[in-house]
Number of protein chains: 2
Amino acid sequence: MPYFDAASAAPLHPVAREALLASLDEGWADPARLYREGRRGRLLLDAAREAAAEAVGCRPDELVFTPSGTQAVHRGVAGALAARRRVGRRLLYSAVEHSSVLHAAEVHEAAGGTRAELAVDRTGRVAADEASAALTPDTALVCLQSANHEVGTEQPVEEVAALCQEAGVPLLVDAAQSLPWGPVPGAWSLLAASAHKWGGPPGVGLLAVRKGTRFAPQGPYDERESGRSPGFENIPGIVAAAASLRALRAAPETMDEAVRLRRLVERIRTRVPELVPDVEVVGDPVRRLPHLVTFSCLYVDGETLLHELDRAGFSVSSGSSCTSSTLAPSHVLRAMGVLSEGNVRVSLPYGTAEADVDRFLEVLPQVVRSVRERLGVPADVAATAGGAAAAPAPHEEPDEPAGLVVDSLGRRCPIPVIELAKVIGQVPVGGTVTVLSDDEAARQDIPAWCAMRDQEYVGERSAERGAAYVVRRRV
Amino acid sequence: MPYFDAASAAPLHPVAREALLASLDEGWADPARLYREGRRGRLLLDAAREAAAEAVGCRPDELVFTPSGTQAVHRGVAGALAARRRVGRRLLYSAVEHSSVLHAAEVHEAAGGTRAELAVDRTGRVAADEASAALTPDTALVCLQSANHEVGTEQPVEEVAALCQEAGVPLLVDAAQSLPWGPVPGAWSLLAASAHKWGGPPGVGLLAVRKGTRFAPQGPYDERESGRSPGFENIPGIVAAAASLRALRAAPETMDEAVRLRRLVERIRTRVPELVPDVEVVGDPVRRLPHLVTFSCLYVDGETLLHELDRAGFSVSSGSSCTSSTLAPSHVLRAMGVLSEGNVRVSLPYGTAEADVDRFLEVLPQVVRSVRERLGVPADVAATAGGAAAAPAPHEEPDEPAGLVVDSLGRRCPIPVIELAKVIGQVPVGGTVTVLSDDEAARQDIPAWCAMRDQEYVGERSAERGAAYVVRRRV
């Protein structure tokens with residue numbers, strides 16, 4: 001049963017399991033105590049810190065363990081901002097950061113700070129020169145992920161770090177996705193990561209704060225972990241996390257594995273658009289994580305797609321609105337301006353069998369087809385949509401300036417786009433279709449559909465309920 | 001090698017170990033995902049929540065898991081205070097709470113709130129009627145531990161909870177020490193605890209917030225754990241924590257074990273003052289945790305005492321100033337007004353062998369004697385101190401109003417008290433000894449010595465450096 005969601009959590013690495021078991025009997029006592037059980041715990045903790053620091057590329061006294069990557073980000077952002085309060089209160093971050101950064105930014109804003117987003121291009125990548133322009137004198141902190149968790153695009157961390165260094169602004173790198181594959185280069189100031197992304201156990205994150213970076217921990221004080229992460233240390237978890245990270249780094253096969261997974265991902269990137277009509281593969285095709293690929297399928301409901309793939313034995317995730325509790329599409333796909341409906345993220349764990357990838361490529365086209373059929377999408381809607389215009393139905397008035405109006409109010413993604421695709425052939429070239437929709441995803445997916453289907457997206461007008469999206473038929 | 005510091009961390013319970021191993025392969029995936037690995041994790045998490053809630057005595061949807069007891073307290077206090085901000089900003093807590101409560105209170109004060117302490121008696125117990133008087137209309141939250149972590153005294157939680165309920169003020173109970181022995185009775189509103197205190201793994205705490213309690217989580221938002229504890233869930237740890245708590249509760253031998261440990265502790269309480277001269281056993285003799293006993297030894301340096309006990313094979317802890325990074329005695333002992341020097345806390349883990357306790361009682365007197373010898377305490381200083389006055393040395397002027405002055409500046413606990421004990425016999429009954437000391441512990445230990453040695457503590461005067469403590473010889 002292939003699990004293809006390593007970017008969410010990787011199965012426990014065998015080395016992590018062994019180290020966890022070995023340290024359960026040695027690592028339960030308080031490492032602050034001076035008796036033998038405490039000293040043993042302290043030794044384990046110190047050794048784990050050294051191993052993790054080496055893998056991160058920092059000094060052991062620059063690194064603390066936290067209970068999660070999320071808390072590493074929260075505490076890192078808060079501590080860096082507080083220490084630079086006199087310089088300024090502006091937090092700058094890319095529009096595609098992990099939600100932990102966005103949530104830290106919300107809290108900062110609620111406390112009177114300001115925040116600004118760095119836009120990304122259609123591949124999800126920040127432009128270093130835009131970062132440079134955005135580095136105003138009151139910028140207290142910049143946050144930039146090393147690679148995106150939803151689409152795999154690598155960010156220009158080294159360049160942005162150099163710009164930040166020049167401007168005297170600290171850079172916090174969320175390295176959660178890339179750390180399993182290698183250290184983050186460049187002059188970053190803070191770095192956060194999460195052990196369960198590299199096959200360590202859940203319950204362990206890490207925060208590195210390089211010497212010379214001003215840092216004022218926030219929240220209630222605790223003497224543990226240099227005052228930067230309160231609460232009794234989870235030593236068995238920490239030992240397992242550090243051991244597995246070291247194992248990944250030390251093993252010569254890690255590089256081979258990156259190459260192998262990159263090849264498998266490349267196969268998915270190439271084959272999926274060949275096998276499935278109306279698919280958009282998103283993210284940078286070259287500067288990307290080795291193991292992650294994301295694509296979106298027109299006229300498909302992400303939740304049903306995930307459910308059907310799960311039934312077929314494949315565990316993947318999605319940034320589609322219907323798979324989110326807020327019924328809004330992923331902010332990453334939104335910032336990239338790409339299609340969000342029928343979105344699938346495949347992230348291959350270490351050791352993924354080639355045969356499983358091939359089987360996925362076998363299963364996917366059938367699954368997408370069946371979901372489309374159930375949604376009532378005519379098999380030839382794509383062809384029809386882009387083909388010759390059918391004669392308008394007698395009750396339509398295509399010559400009217402307003403053109404054809406499709407009322408999709410109250411209907412969720414992907415219905416508004418399906419409705420649009422069904423009727424576009426009914427207006428003459430140059431005529432318009434206006435889609436009324438109160439679905440959050442339509443704002444993103446109707447323009448994305450236009451780009452994919454070579455139609456013209458005219459724009460959005462406000463409407464009594466939801467919004468009116470106007471499309472002009474071009475082909 | 002007997003480990004007698006269960007109040008700090010208990011060795012892993014066999015059930016916790018088993019449950020942890022069993023859930024490592026099932027509990028690593030994201031429980032928010034809908035695919036099979038996520039669903040399995042969710043099932044484990046839900047089952048653990050039910051088991052923990054049953055043991056706590058609350059509903060499963062009232063309980064969330066946190067990465068530590070410390071974080072449970074920090075988040076519980078912050079969330080309860082924020083939700084009652086309009087009512088008032090006063091935080092009331094006992095003077096002997098765990099440092100996590102004090103640290104949460106410091107942050108609250110720094111943010112503009114106010115705080116007030118409930119005093120305790122010499123046994124470390126809060127008086128419920130004093131709590132009643134302190135419940136002013138602007139009180140937003142009361143914090144009271146179920147039992148004290150340093151001296152074992154049980155607090156009148158049920159009575160205080162009833163008073164709080166009447167006044168409409170929520171009560172947060174830090175149940176870290178008592179939860180292994182049974183649920184906390186009464187109408188508390190919030191409850192915090194820590195798994196490694198009951199033999200669960202490190203890295204797991206719990207926070208219960210009873211329905212009807214207003215609660216506004218603080219800090220960056222996260223959808224996990226009802227928005228009350230951010231970060232990816234440590235499911236294997238949580239499963240192990242819940243399983244071991246349930247095992248303790250379900251086992252008929254837990255009650256027997258409490259009775260058995262209480263008897264062993266009683267033996268220590270009785271025998272130590274018989275075997276070791278100049279010892280004060282502290283904490284309530286009856287209303288106390290079954291497994292914990294604390295005593296202080298005059299003329300002894302706590303750090304050396306711990307070191308020697310460790311060499312002899314016993315792991316215990318201490319609230320003496322020399323064992324703390326701040327060189328201040330434990331705030332618990334200070335609030336109780338008891339001796340802090342030579343302080344030893346013995347907390348017996350589940351299953352402690354009777355023979356180990358007997359061996360401890362054999363070893364302790366020798367260890368204390370040798371530490372006293374090394375500190376140059378005459379073997380008969382106690383007798384001498386309380387005995388007939390020696391003739392004053394010629395250079396002393398005992399008839400001068402100021403009496404004898406001992407300069408202990410720059411010398412740490414227990415030296416000032418030893419110096420005092422050495423010279424008290426040199427002044428006539430009615431004469432005074434003034435001890436100059438800049439050691440934080442002297443403020444507490446000189447009055448405590450007076451009470452133990454039946455001498456009169458006159459008071460403290462400010463001095464050029466440190467303080468001057470005046471003692472009048474009574475016997």
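Biologist: Which domains does the assignment give for chain A, and how do you know where their bounds lie?

Modeller: The assignment divides chain A into domain 1 (14–219 + 232–250), domain 2 (253–374) and domain 3 (381–472), and these bounds come from an automatic or database domain assignment. Taken over C-alpha atoms, the centres of domain 1 and domain 3 of chain A are separated by 45 Å. This is a predicted model, in which local features need pLDDT of at least 70 and side-chain atom pairs count only at pLDDT 80 or more, while totals for chains, interfaces and linings use all residues. Side-chain values use heavy atoms, with hydrogens and water left out; residues are numbered from 1 along each chain as its sequence is written, and chains are lettered from A and ligands numbered from 1 in the order in which they are written.

Biologist: What makes a residue of chain B count as in contact with chain A, and how many do so?

Modeller: Contact means heavy atoms within 4.5 Å, and 55 residues of chain B are in contact with 55 residues of chain A. The area buried between the two chains, which is the accessible area (1.4 Å probe) that they lose on being put together, summed over both, is about 4,300 Å², and carbon and sulfur atoms give 59% of that area.

Biologist: Why is the pair of Arg33(A) and Asp5(B) called a salt bridge?

Modeller: The term asks for a side-chain nitrogen of Lys or Arg within 4 Å of a carboxyl oxygen of Asp or Glu. The closest N and O atoms of Arg33(A) and Asp5(B) are 3.5 Å apart, so the pair meets that limit and is called a salt bridge. Between chain B and chain A the count is eight salt bridges, and over all chains the search finds 62.

Biologist: What makes the pair of Arg267(A) and Asp358(A) a salt bridge, and which parts does it tie together?

Modeller: In this pair the closest N and O atoms are 2.8 Å apart, and the contact therefore also satisfies the definition. Arg267(A) lies in helix α8 (residues 253–275) of chain A and Asp358(A) in helix α11 (residues 354–374) of chain A, so the salt bridge ties together parts that are 91 residues apart in sequence. Helices here are DSSP runs of H or I with at least four residues, strands are runs of E with at least two, and both are numbered from the N terminus.

Biologist: Why is a space in this model called a cavity, and how many are there?

Modeller: A space is called a cavity because, on a 1 Å grid over the protein atoms alone, it is a set of points where a 1.4 Å probe fits but cannot get out. The structure holds three cavities of 30 Å³ or more, a volume being the space filled by probe spheres set on the points, which are joined across faces, edges and corners. The largest cavity contains about 280 Å³. Its lining, made of residues with an atom within 4 Å of a point, has 27 residues, and among those nearest the centre are Pro67(A) and Pro67(B).

Biologist: What is the volume of the second largest cavity?

Modeller: The second largest cavity has about 110 Å³. Its lining has 14 residues, with Leu20(A) and Leu20(B) among those closest to the centre.

Biologist: Where does Pro414(A) lie, and what is the omega of the peptide bond before it?

Modeller: Pro414(A) is in the loop between β11 (404–407) and α13 (415–423) of chain A, and the peptide bond from Cys413(A) to Pro414(A) is cis, with omega near 5°.

How values were computed
On a 1 Å grid over the protein atoms alone, a cavity is a set of points where a 1.4 Å probe fits but cannot get out, and a pocket is an open set with protein on both sides within 12 Å along at least five of seven lines; lining residues have an atom within 4 Å of a point.
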